[in-house]
Amino acid sequence: KKKYKIKLINEKFPLGTVGSLAKLNKKLTKDFFLCNCDILINTNYKALYKFHKEEKFDLTLVCAKKNLKIPYGVCNFNKKGALKKIEEKPEINYFANAGLYVINPKILKLIPKNKNFNMDDLMVILKKLNKKIGVFPIDSGHWFDIGEWSQYHRTIDYYKSE
């Protein structure tokens, strides 16, 4: 029932995932959420924000735990082509960037104006400047990348069952 005021930023040319945020430099005074437009994340946003603030991160990214099972035997061999070993159907576990961030507005000054600039570009600069980047892990079952058809249909099924 709250009333919200929404302002849109029109890009004359594509500015990347964070390039348009340069237009908000000095206009935002509190840490804020940013998400990619093709994702839905079911997580505790209060806990995420608290984690970001308590740890004094400049940027916090949400990462989803993923498990990739390779359906083949993987061959490890040396430079001369001699087989070292075969690993049957290995599983690889990793954390993927889920496209949801909490941002301290002080870092917006690092984003160049009117230039295509992506989140990974910003992270490189933050690392070089020894800024604090946090990672908030979530289970992959709570991350929906609706930019892919299979994930889109999975998302529809998930929310229908809730």
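Buried here means under 20% relative accessible area, and exposed means over 50%. Keep those cut-offs handy while you click around this predicted model.

**Stop one: Asn104.** Select Asn104, which sits in the loop between β6 (91–103) and α2 (119–128). Its relative accessibility is 14%, so Asn104 counts as buried. Now show whatever touches Asn104: leaving out residues up to four places away in sequence, you should pick up Asp31, His52, Phe57 and Asp58.

**Stop two: Ser20.** Next, jump to the segment before β1, where you'll find Ser20. This one is buried too, because Ser20 has 16% relative accessibility. Add its contacts to the selection: Ile9, Glu11 and Leu15 touch Ser20, again with residues up to four places away in sequence left out.

**Stop three: Ile6.** Stay in the segment before β1 and pick Ile6. Ile6 has a relative accessible area of 70%, so call this residue exposed. Turn on the surface and colour Tyr4, Ile6 and Leu8: together they make a nonpolar patch of about 460 Å².

**Stop four: Lys7.** Is Lys7 buried or exposed? Lys7 is exposed, because its relative accessibility comes to 67%. Like the previous stop, Lys7 belongs to the segment before β1 (32–35). Keep the surface on and select Lys5, Lys7, Lys12, Lys23 and Lys27, which gather there in a patch of positive charge.

**Before you close the viewer.** Try showing both patches at once: Tyr4, Ile6 and Leu8 for the nonpolar one, and the five lysines, Lys7 among them, for the positive one.

Definitions and conventions:
Residues numbered from 1 in each chain as written. Predicted model: local features only at pLDDT ≥ 70, side-chain atom pairs only at ≥ 80, totals over all residues. Heavy atoms only, no water. Patch = residues over 30% accessible without salt bridge, like charges linked within 9 Å, V, L, I, M, F, W, Y side chains within 5 Å. Areas by Shrake-Rupley, 256 points an atom, 1.4 Å probe, with all protein chains shown as cover. Salt bridge = Lys/Arg side-chain N within 4 Å of Asp/Glu carboxyl O. Lys, Arg positive; Asp, Glu negative; His and termini not counted. Charge placed at Lys NZ, Arg CZ, Asp CG, Glu CD. Helix = DSSP H or I, 4+ residues; strand = E, 2+ residues; numbered from the N terminus. Buried < 20%, exposed > 50% of the residue type's maximum accessible area, 1.4 Å probe, protein only. Contact = heavy atoms within 4.5 Å.
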